[in-house]
Amino acid sequence: DASLGGEFLTLMKWADSVRKLKVRTNADTPKDSAKAVEFGAEGIGLCRTEHMFFEDNRIFVMRRMILSRSVEDRKKALDQLMPMQKKDFIGIFKAMGSRPVTIRLLDPPLHEFLPSEKADIEKLALEMEVPYSRLKETVFELKEVNPMLGHRGCRLAVTYPEIYEMQVRAIMEAAAELKQKENQEVIPEIMIPLVGEVKEFEYVKELAENVIKEVFEDYDVTVPYLIGTMIEIPRATIIADEIAKGAEFFSFGTNDLTQMTYGFSRDDAGRFIKEYREKGILEKDPFQQIDRKGVGELMKMAIERGQQTRKDIKLGICGEHGGEPNSVEFCHMIGLDYVSCSPFRVPIARLAAAQAALKYS
Ligand code: PEP
Ligand code: MG
């Protein structure tokens with residue numbers, strides 16, 4: 001409880017004076033961002049943008065966009081969403097002041113945006129002026145058997161580039177406007193999810209930079225920004241040297257990295273991991289604590305390879321492990337710049353970072 005005051009604040013002040021790791025938070029609303037700042041967060045390490053599309057009636061617009069076969073119609077739907085996204089980011093930037101904010105471009109499994117109820121498909125068909133049977137077929141074609149290994153992350157940007165164009169515009173317009181109107185300096189860090197091939201990264205980076213150039217021209221202002229990537233697919237750790245040519249930062253997505261390293265579904269593995277532990281097959285739940293012989297090794301390799309190309313590449317972690325003390329210790333050991341965790345775990349991470357600094361100094 002941050003309102004504990006007294007002893008809590010003294011302890012935290014001590015921890016902050018000792019630790020080397022910065023502590024950021026995972027937050028995607030102004031309210032959570034403000035809460036995290038109260039708990040001592042020094043920035044946002046992961047602003048997920050998925051939830052924003054489920055607010056109000058945005059999901060209906062998003063469905064229309066996803067199911068539309070014409071680029072023009074997709075753009076029309078996204079034009080409707082843009083001002084709302086921009087408002088989301090202005091709110092978050094304001095809550096964070098001059099602290100860094102990493103915004104991750106959209107990464108839902110696509111099926112989360114698909115209508116499943118007959119009535120919803122009927123309504124959409126009417127709105128889009130297409131026959132119900134055709135729309136139903138489109139929905140069916142987009143359904144996946146393994147959505148978490150499917151059409152998500154930057155793959156969406158290859159098939160629907162307009163989505164990321166809209167988001168980058170919203171991020172940069174929000175930053176430009178704050179600079180012009182309120183003289184607030186924001187340094188957005190644009191993060192590309194689920195990169196497993198260097199050309200995916202380059203494709204999205206180019207797309208983003210084209211939009212950024214337009215925004216700077218429209219506003220007649222420039223703002224500093226970074227473009228980086230999540231490292232959450234095992235292959236990304238292998239080609240980290242190539243990715244680092246264009247990426248200014250890496251943030252380890254250890255939730256997906258664990259899923260893909262073990263081949264354990266992050267949604268379902270809980271059903272057997274408990275028994276695995278009871279029977280001594282697994283000592284720890286790898287989704288809870290960084291497995292030093294698995295994900296941990298991959299992280300070390302990615303850092304080594306990334307730094308070969310870009311010595312000062314900024315390094316963070318934004319998977320759940322970022323707020324777990326043993327994992328925080330590991331992140332300190334391998335030289336990350338920051339960990340990022342949910343607002344309520346920020347004080348724990350601050351303490352764990354201090355303990356790690358003492359242990360290894
Ligand atoms: C991750 O994969 O570790 C991550 C932070 O992203 P998400 O949990 O949103 O997939
Ligand atoms: Mg992920």
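Which element gives the most to the shell around ligand 1? In this predicted model, the contribution that comes out ahead is that of α12, with 3 residues.

**View 1. The shell around ligand 1 in the predicted model.** The residues around ligand 1 are Leu46, Arg48, Asp107, Glu232, Gly253, Thr254, Asn255, Asp256, Cys318 and Gly319. By residue type, this shell divides into 2 nonpolar, 4 polar and 4 charged residues. The UniProt annotation "binding site", which comes from an unreviewed entry, covers Arg48, Arg104, Glu232, Gly253, Thr254, Asn255 and Asp256.

**View 2. Glutamate 232 and its contacts.** Glutamate 232, which is listed around ligand 1 and is also covered by the "binding site" annotation of the unreviewed UniProt entry, lies in the loop between β5 (226–231) and α10 (234–238). This residue counts as buried because it has 27 C-beta neighbours inside 10 Å, and a residue is buried if 20 or more such atoms lie within that distance. When residues up to four places away in sequence are not counted, glutamate 232 touches Leu194, Gly253, Asp256 and Leu257; Gly253 and Asp256 also appear among the residues around ligand 1.

**View 3. Threonine 254 in helix α12.** Threonine 254 belongs to helix α12, which is made up of residues 254–262, and is one of the residues around ligand 1. Threonine 254 counts as buried because 30 C-beta neighbours are found inside 10 Å. Its contacts, not counting residues up to four places away in sequence, are Ile290, Val295, Ile317, Gly319 and His321, and of these Gly319 is also listed around ligand 1.

**View 4. Serine 33 in helix α2.** Serine 33 is found in helix α2, which covers residues 30–38, and is buried because 26 other C-beta atoms lie within 10 Å. Leaving out residues up to four places away in sequence, serine 33 touches Ala27, Ile44, Ile92, Ala95 and Met96. Serine 33 and leucine 106 are separated by 73 residues in sequence, and their C-alpha atoms are 19 Å apart in space.

**View 5. Phenylalanine 93 in the largest nonpolar core.** In soluble globular proteins, nonpolar side chains tend to be buried together. Here the largest nonpolar core has 97 residues, of which Phe93, Ile171, Val195 and Val339 touch the most other members. The largest share of this core, 10 residues, is supplied by helix α8 (residues 161–182). Apart from neighbours within four places in sequence, phenylalanine 93 is in contact with Val101, Ala174, Ala175, Leu178 and Val186.

Notes
Residues numbered from 1 in each chain as written. Chains lettered and ligands numbered in written order. Predicted model: local features only at pLDDT ≥ 70, side-chain atom pairs only at ≥ 80, totals over all residues. UniProt positions renumbered as here; feature names shortened; annotations may be inferred. Helix = DSSP H or I, 4+ residues; strand = E, 2+ residues; numbered from the N terminus. Buried ≥ 20, exposed ≤ 12 C-beta atoms within 10 Å, placed from the backbone. Contact = placed C-beta atoms within 7 Å. Near = placed C-beta within 6 Å. Nonpolar A, V, L, I, M, F, W, Y, C, P; charged D, E, K, R; others polar. Core = buried A, V, L, I, M, F, W, Y, C linked by C-beta atoms within 7 Å.
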